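Work through the exercises below with the sequence and the coordinates open beside you. Each task is followed by a solution that proceeds step by step.

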Amino acid sequence: PLDYDDMKREIEYLLERAGSVDGVEFTAAEHPILHPGQTAQITRNGEEMGWIGALHPALAGEMGVPSGVICCELRPDALQKGQFA
């Protein structure tokens with residue numbers, strides 16, 4: 001199973017393949033569908049690119065998904081910008 005660090009490495013690999021990881025930061029944040037304290041906003045040079053974190057336990061329970069599932073969201077346009085960095 002993947003954990004947060006595994007998923008973060010996969011995202012960094014994807015961003016590198018899209019052009020660059022320069023200026024990319026994973027900053028602790030809160031998101032309504034993600035577990036408080038296990039969530040990070042992904043930015044590049046201060047611009048939001050997406051999110052990574054564990055699915056909120058209440059939502060996981062409603063969906064019948066095991067707790068601890070790590071998910072992420074990346075904006076496609078943010079990935080494209082990396083190609084030209």
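**Exercise 1.** Determine which residue follows helix 1 and what sign its phi has.

*Solution.* Helix 1 is followed by G19, and the phi of G19 is positive, near 145 degrees. Helices here are DSSP runs of H or I with at least four residues, strands are runs of E with at least two, and both are numbered from the N terminus. The model is a predicted one, in which local features need pLDDT of at least 70 and side-chain atom pairs count only at pLDDT 80 or more, while totals for chains, interfaces and linings use all residues. Residues are numbered from 1 along each chain as its sequence is written, and side-chain values use heavy atoms, with hydrogens and water left out. As for pLDDT, the predictor's confidence in each residue from 0 to 100, its mean over the protein is 88, and 94% of the residues reach 70 or more.

**Exercise 2.** Work out what caps the N-terminal end of helix 1 and where its buried residues lie.

*Solution.* Begin at the N-terminal end, where D3 acts as the cap through a side-chain oxygen that lies 3.1 Å from the backbone nitrogen of D5. Next, take the length: at 1.5 Å a residue, the 15 residues of helix 1 should span 21 Å (1.5 Å times one less than the number of residues), which agrees with the 21 Å between its end C-alpha atoms. Then list the buried residues (under 20% relative accessible area, with exposed over 50% and partly exposed in between, using a 1.4 Å probe and protein chains only), which are M7, I11, L15 and A18. Seen down the axis, these buried residues fall within an arc of 75 degrees, taken from the directions from the helix axis to the C-beta atoms, so they line one face of the helix. An α-helix has 3.6 residues a turn, so residues three or four places apart point the same way. On the other side of helix 1, Y13, E16 and R17 are exposed.

**Exercise 3.** Establish whether T39 is buried or exposed, and which backbone oxygen its side chain reaches.

*Solution.* T39 has its place in strand 2 (residues 34-44), and it counts as buried because its relative accessibility is 6%. Its side chain reaches the backbone oxygen of H35 at 2.8 Å. Leaving aside neighbours within four places in sequence, the residues in contact with T39 (heavy atoms within 4.5 Å) include T27, W51 and I52.

Terms used
Polar contact = N/O pair within 3.5 Å; in protein donor to acceptor, adjacent residues only side chain to side chain.
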